[in-house]
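Work through the following exercises with the sequence and the structure side by side, and try each task before reading its solution.

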Amino acid sequence: MNEQLRNDLVAFEQILEQVKNEGLEFLDGVDRHSTNVPQSADAQSLIDGQGVGAIAAIAAFKACFSSSIVSSTGPRYWGFVTGGATPAAIAGDWLTSIYDQNTQGTKGEGDNSAVIELDAI
């Protein structure tokens, strides 16, 4: 196994805690973020070809993009309906990534994720 992946698996609880804290920090200050920023950023210089691991990647993301992330969360977004940042939507996104199902069909044995997906729709 790749050493960086092994390290991330060992620190997985810490990684999820940091992601949770980053998310809460953003949502707590969402009303103070601009809804439009003119700048762009380039993260290439902070991430090498071997990878840096989740904790360093989160830090690089924050360093490169925190000032350019716009506040389109919740009622501040008046455009297309592309998702939601309600607590249920965030929990659903997290669990979708964790469960990582490979949707097959609604009939037959095995995977029931297609039935769950149809129920969610």
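A residue is called buried when its relative accessible area is under 20%, exposed when it is over 50%, and partly exposed in between, with a 1.4 Å probe and protein chains only. The model is a predicted one, in which local features need pLDDT of at least 70 and side-chain atom pairs count only at pLDDT 80 or more, while totals for chains, interfaces and linings use all residues. Residues are numbered from 1 along each chain as its sequence is written, and side-chain values use heavy atoms, with hydrogens and water left out.

**Exercise 1. Find the salt bridges that Lys62 forms, and classify the residues that take part.**

Begin with the criterion: a salt bridge is a side-chain nitrogen of Lys or Arg within 4 Å of a carboxyl oxygen of Asp or Glu. A search of the whole structure finds four such pairs.

Next, look at Lys62 and Glu22, whose side chains meet at 3.4 Å, N to O. This pair links distant parts of the chain, since Lys62 is in helix H3 and Glu22 in helix H2, 40 residues apart. (Helices, H or I with at least four residues, are DSSP runs, numbered from the N terminus.)

Then turn to Glu25, which also forms a salt bridge with Lys62, the closest N and O atoms being 3.2 Å apart. Glu25 lies in helix H2 and Lys62 in helix H3, so this pair ties together parts that are 37 residues apart in sequence.

Finally, apply the accessibility limits: Lys62 is partly exposed at 30%, Glu22 is partly exposed at 24%, and Glu25 is partly exposed at 48%. Taken together, Glu22, Glu25 and Lys62 are linked in a network of salt bridges.

**Exercise 2. Check the span of helix H3, and work out where its buried residues lie.**

Start with the span, for which the expected value is 1.5 Å times one less than the number of residues. Helix H3, residues 54–65, has twelve residues and reaches 16 Å from its first C-alpha to its last, close to the 16 Å expected.

Now list the buried residues of H3, which are Ala54, Ile58, Ala60 and Cys64. They cover an arc of only 165° around the axis, and therefore lie on the same side of H3; the arc is that of the directions from the helix axis to the C-beta atoms.

As a last step, ask what this side meets: the buried residues of H3 pack against helix H1 (3–10) and helix H2 (12–28), where contact means heavy atoms within 4.5 Å.

**Exercise 3. Decide whether helix H4 is covered or in the open, and describe what follows H4.**

First count the buried residues: of the 13 residues of H4, the number buried is zero, so this helix lies largely in the open.

Second, compare the lengths: the 13 residues should span 18 Å at 1.5 Å a residue, and the end C-alpha atoms of H4 are 18 Å apart, which agrees.

Third, take one residue as an example: Trp94 is found in helix H4, and Trp94 is partly exposed, with a relative accessible area of 37%.

To finish, look just after H4, where Asp100 takes a positive phi of about 45°.

Conventions: Helix = DSSP H or I, 4+ residues; strand = E, 2+ residues; numbered from the N terminus.
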